[in-house]
Amino acid sequence: MYPLLETLRIEQGRIHRLAFHNQRMNQARHDCFHSQQAIDLSLFLQPEPYQERTKCRVVYRDRIEQIEYHPYTMPQIRSLRLVTDDRIDYTYKSTDRTALNRLYEQRKDCDDILIIRNGLLTDTSFCNVALWNGTQWETPLTPLLEGTCRRSLLEEGKIIATPITEKDLDRFSRICLFNAMIDWGEIEFPFIKQENTIAALP
């Protein structure tokens, strides 16, 4: 099995959502490698020197194997191509992104993809999503990956989890992309659905 991965945001010398990352990592270690003893990432990371937004990449199996720190640049996403793959499985955040990369190559002239699995919306190639129905933000019930930001937003009541089909997209007027590195609202835009694409309104 390929090593697994946690990507954490460090900014102003602080690790964001550390408890969520610890929980997800230790659950994955238990499920995939039968590890019984929990690891606290705070004992291994050194966030203090990093004031600008920094991507901390932790590679692990039953034990932590590698830690890297990289400056982070916010991506520019204004269009998504809808792609379908009913067999893709990314339950655990893995260093093996072969299946995701294969789908990403189908984006054509769009900035990223929005993956449909078994008729339901899931995630982009690297973000969870939520859609605005006029009164509430809805996030797909069955994402490819249970993101730490997504879980935090659910617990705060900012989003609700519902099954969303491609046909349901007509109910929504805005889309928001988020992950451990991208805060809620940093990539959000009104959109129009065209054939197999979601594009930001001019």
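**Exercise on the cover of helix α1**

Identify elements that cover the buried residues of α1.

*Solution.* Step one is to locate the buried residues, where buried means under 20% relative accessible area, exposed means over 50%, and partly exposed lies in between (1.4 Å probe, protein chains only). In α1 they are Phe20, His21, Asn22, Arg24, Met25, Asn26, Ala28, Arg29 and Cys32. Step two is to find what covers these residues: the cover includes β1 (4-11), β3 (54-60) and α3 (148-156). Helices (H or I, at least four residues) and strands (E, at least two) are DSSP runs, numbered from the N terminus.

The model is predicted, so local features need pLDDT of at least 70 and side-chain atom pairs pLDDT 80 or more, while totals for chains, interfaces and linings use all residues. Residues are numbered from 1 along each chain as its sequence is written, and side-chain values use heavy atoms, without hydrogens and water.

**Exercise on the length of α1**

Compare the expected span of α1 with the distance between its end C-alpha atoms.

*Solution.* The expected span is 1.5 Å times one less than the number of residues. For the 16 residues of α1 (residues 18-33) this gives 22 Å, and the end C-alpha atoms are 21 Å apart, so the two values agree. Just after the helix, histidine 34 has a positive phi of about 60 degrees.

**Exercise on asparagine 22 and serine 42**

For each of these two residues, determine whether it is buried, exposed or partly exposed, and name a contact that it makes.

*Solution.* Asparagine 22 belongs to helix α1. Its relative accessible area is 12%, so it counts as buried. With neighbours within four places in sequence set aside, asparagine 22 is in contact (heavy atoms within 4.5 Å) with Ile39, Asp40 and Leu41.

Serine 42 is located in the loop between α1 and β3. Its relative accessibility is 32%, and therefore serine 42 is partly exposed. The side chains of serine 42 and aspartate 40 make a polar contact of 2.8 Å. Such a contact is a pair of N or O atoms within 3.5 Å; within protein, one must be able to donate a hydrogen and the other to accept it, and residues adjacent in sequence count only if both atoms are side-chain atoms.

**Exercise on the sheet of four strands**

Give the strand order of this sheet and state how α1 is placed against it.

*Solution.* Two strands pair if DSSP finds at least two bridges between them. The four strands form an open sheet in the order β2-β1-β3-β4, and the pairing is antiparallel. At the edges are β2 (14-15) and β4 (64-71); each has a single partner strand, so one side of each lacks a neighbour in the sheet. Seven bridges connect β3 with β4, and one pair of bridge partners is valine 58 with isoleucine 67 in β4. Helix α1 packs on the sheet and touches β1, β2 and β3; its direction makes about 170 degrees with that of β1. Axes are lines fitted to C-alpha atoms, for helices over the stretch in contact, and angles run from 0 to 180 degrees between N-to-C directions.

**Exercise on strand β6**

Explain why β6 is described as largely enclosed, and trace how it is joined to the strands that pair with it.

*Solution.* The wider setting is an open, mixed sheet of nine strands in the order β7-β6-β5-β13-β12-β11-β8-β9-β10. Its edge strands are β7 (120-124) and β10 (160-162), each of which pairs on one side only.

Next, consider burial. In a regular strand the side chains alternate between the two faces of the sheet. On one side of β6, Asp112, Leu114 and Ile116 are buried, and on the other Ile113, Ile115 and Arg117 are buried. Six of the six residues of β6 (residues 112-117) are thus buried, so the strand is largely enclosed by the rest of the structure.

Finally, consider the partners. Strand β5 (residues 79-84) pairs with β6 in the parallel sense over five bridges. The chain passes from β5 through helix α2 (residues 98-104) to β6 in a right-handed β-α-β crossover; with the strands pointing away from the viewer, such a path from the first strand over the helix to the second runs clockwise. On the other pairing, β6 and β7 run antiparallel, joined by three bridges. These two strands form a hairpin with two residues between them, and asparagine 118 in the turn has a positive phi of about 55 degrees.
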